[in-house]
Structures are given as C-alpha cells and as structure tokens.
Amino acid sequence: MSGFLPDHPHAEVRVSPNFGPRRDGMRPNMIVLHYTGMETGDGAEAWLCNPASEVSSHYLVHEDGRIVQMVRESDRAWHAGKSSWRGLTDVNSASVGIEIVNPGHTLGYRRFPKRQMQAVARLCQGIIARHAIVPERVLAHSDVALGRKIDPGELFPWRSLHGSGIGHWVAPSPRRGHDTLRPGDAGDAVEELQSMLALYGYGVEITGQFDPQTAVTIQAFQRHFRTSCVDGVADRSTISTLRRLLAALPDGLDD
C-alpha cells in the first residue's frame with residue numbers, strides 16, 4: 001500500500017499486511033467497535049500488524065487519544081471474525097473496525113479515558129460522514145459475534161457517544177418488577193422476544209424456546225443497552241428497553 005494516506009486527517013499510519021478487497025463490491029455501512037484485550041496498546045498495535053496474527057483493524061485508538069490507521073477504509077480489515085448482523089455474515093466486508101486500547105475483562109478491565117473517547121468520537125464522526133452510516137449500525141463486537149466476544153463491554157460509554165451524534169441509544173428502562181423470561185421458558189412470549197431481537201439485527205433463531213443462544217443474545221443486548229445487570233435474563237427492564245429501541249428506529253429499516 002505505497003502512498004497510503006490516512007482517511008482520518010490526524011491519524012498516524014502503520015500499515016498492516018492483514019487485509020484484502022471488500023467482497024462483492026460491498027462498501028462500509030457499519031462501524032464495529034472493539035477493545036484490544038491486551039496488556040499494552042503498543043503490544044496490540046504490533047499484533048494487529050503482524051502477519052502471523054491474521055487479524056487487523058482499520059484503526060486503533062490509544063488511551064492517550066492517538067489514532068493509528070492500519071488499513072484503508074476502502075479495504076477489508078480482518079477484525080470481526082465469525083459474525084453476523086441483520087442476516088449479513090461477511091461483516092468485515094461491510095464495516096470499518098476500530099480497536100480501542102483497553103486490557104479487557106481478563107487483564108484488568110477498566111473505564112475508557114475521556115481523552116481516548118473524545119478521539120473515538122471524532123474518528124467515528126468522520127467515518128459516518130464519509131460513508132453515510134446510520135446510527136443503528138454503530139455496533140459492538142459483542143453484538144455481531146454472539147457468544148464469542150464480549151467487547152467493548154459494559155463499561156463502554158455508549159451514552160456519551162450517542163450525545164456526540166454516534167450510535168443508537170435510549171435510556172435504559174428502570175429495573176423494577178419481577179416479570180422475567182429466563183432459560184427453560186417457552187411459548188409465545190419467548191418467540192416474541194426472539195423476534196424483536198432478530199428484528200433489531202441480532203443473529204438469534206426464532207424457536208419459541210429460551211435456549212442457550214437466546215440467553216447469550218440477551219447478554220449481548222444488555223452489554224450494549226442495559227449495562228446495570230448483564231445476566232442473560234430478559235427482565236422487564238431489558239424487554240422494555242428493547243421495545244423502545246425498536247420504536248425509535250426509522251420507518252422502513254427492515255424493508
């Protein structure tokens with residue numbers, strides 16, 4: 001990639017060899033946010049540029065706010081892995097991937113610094129403008145890789161990003177009352193819950209059985225939209241928040 005000019009005006013460039021062309025003429029229509037899950041940002045940056053890793057992202061954002069671009073937005077980075085959203089299984093060809101430095105759940109998960117999140121917001125604003133990405137397609141890795149990934153996790157500040165015009169979000173419904181759907185339940189209410197999750201975009205099968213994949217999907221939803229309790233149980237707060245998110249989607253999204 002000789003002559004690589006960054007898409008983001010303030011990004012440093014460190015070219016990763018781990019990329020390819022977007023398939024079937026696809027262009028970016030979503031952003032997928034990750035955390036690095038490694039001890040240091042420098043180590044993560046090196047790994048994303050190591051051909052042996054076979055992983056990459058378009059951008060990495062360090063805790064001090066430095067932005068490094070590794071793959072051009074016009075190319076396909078290898079960040080999402082096995083994943084799906086709204087029936088699309090080649091998420092890499094349809095997305096821009098951003099790795100955000102954080103040690104993650106196994107190495108000392110912590111809050112994301114303000115300077116880092118300000119840089120993430122500016123970066124996302126540029127990507128959204130360049131590719132006309134709609135709010136509901138700014139997603140977590142955990143949203144698209146159900147049961148396989150949990151990043152960027154429940155400490156990620158989706159609310160503040162939304163305040164910067166990025167992403168789809170509603171204030172979570174209060175946690176009160178005891179009506180719940182949980183593993184082992186079955187029937188119309190479970191089928192309706194699965195249908196709502198699938199309509200929003202999650203890759204959940206509609207079986208009418210509250211099976212393990214449904215619990216995993218609820219956990220992913222909670223990590224993004226109802227972070228006060230991530231337990232895989234569809235309580236009143238979780239279901240109400242999901243209904244309100246669906247109601248806030250633009251008309252015709254699922255055409």
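A residue counts as buried when its relative accessible area is under 20%, as exposed when that area is over 50%, and as partly exposed in between. With that rule in hand, let us walk through this structure, which is a predicted model.

A good place to start is E73. Its relative accessibility is 1%, so E73 counts as buried. The side chain of E73 still has a charged partner: it meets R130 in a salt bridge, with N and O 2.7 Å apart. R130 belongs to helix α3 (residues 114–131), while E73 sits in the loop between β5 and β6 (75–77), so this pair ties together parts that are 57 residues apart in sequence. At 36% relative accessibility, R130 counts as partly exposed. The pair therefore joins a partly exposed arginine to a buried glutamate.

Why might two such side chains meet at all? Side chains of opposite charge can pair when their charged atoms come close. A search of the whole structure finds 11 salt bridges, and two others are worth a visit here.

One of them links R14 and E45, whose closest N and O atoms are 3.3 Å apart. R14 lies in the loop between β1 and β2 (19–21) and E45 in helix α1, so the bridge ties together parts that are 31 residues apart in sequence. Here again the two partners fall into separate classes: R14, at 35% relative accessibility, counts as partly exposed, whereas E45 is buried, with a relative accessible area of 9%.

The other joins the side chains of E12 and R66, at 3.8 Å from N to O. E12 is in strand β1 (residues 12–13) and R66 is in the loop between β4 (59–61) and β5 (67–69), so this contact ties together parts 54 residues apart in sequence. E12 is partly exposed at 38% relative accessibility, and R66 is partly exposed too, with a relative accessible area of 31%. These two residues also belong to a network of salt bridges that links E12, D64 and R66.

Next, look for H79, in the loop between β6 and α2 (91–94). Is H79 buried or exposed? Its relative accessible area is 6%, so H79 is buried. Its side chain makes a polar contact of 2.9 Å with the side chain of H34 and another, of 3.0 Å, with that of S95. H34 falls within strand β3 (30–35), an element that we meet again at the largest pocket.

Now for the empty spaces. Rolling a probe the size of a water molecule over the atoms shows where empty space is left. The largest pocket holds about 460 Å³ of space. It is lined by 25 residues, and the closest to its centre are Y35, T36, E99, H141 and K149. The elements that give two or more residues to this lining are β3 (30–35) and α1 (41–48), with α1 giving the most, three residues. By class, the lining has 10 nonpolar, 10 polar and five charged residues.

The second largest pocket has about 210 Å³ of space. Among the residues that line it are K82, S83, S84, R148 and Q213. Helix α7 (residues 212–225) supplies the largest share of this lining, three residues. Sorted by class, the lining of the second largest pocket comes to four nonpolar, five polar and two charged residues.

There is also a closed space to find. The count comes to one cavity of 30 Å³ or more, and about 30 Å³ of space lies in it. Which residues line the largest cavity? They are V138, W158, H162, I166, G167, H168, W169 and H224. Four of these are nonpolar and four are polar, with no charged residues in the lining.

Finally, turn to the cysteines. A disulfide is a covalent bond between the sulfur atoms of two cysteines. How many disulfides does the structure hold? The answer is zero. C49 shows why: the closest cysteine sulfur to its own is that of C124, 19 Å away, which is too far for a bond, given that a disulfide needs two sulfur atoms within 2.5 Å. C49 counts as buried, since its relative accessibility is 13%. C229 counts as buried as well, at 18% relative accessibility, which is under the 20% cut-off.

Conventions: Residues numbered from 1 in each chain as written. Predicted model: local features only at pLDDT ≥ 70, side-chain atom pairs only at ≥ 80, totals over all residues. Heavy atoms only, no water. Buried < 20%, exposed > 50% of the residue type's maximum accessible area, 1.4 Å probe, protein only. 1 Å grid on protein atoms, 1.4 Å probe; cavity = no way out; pocket = protein on both sides within 12 Å on 5 of 7 lines; lining within 4 Å. Points joined across faces, edges and corners; volume = space filled by probe spheres on them. Helix = DSSP H or I, 4+ residues; strand = E, 2+ residues; numbered from the N terminus. Nonpolar A, V, L, I, M, F, W, Y, C, P; charged D, E, K, R; others polar. Salt bridge = Lys/Arg side-chain N within 4 Å of Asp/Glu carboxyl O. Polar contact = N/O pair within 3.5 Å; in protein donor to acceptor, adjacent residues only side chain to side chain.
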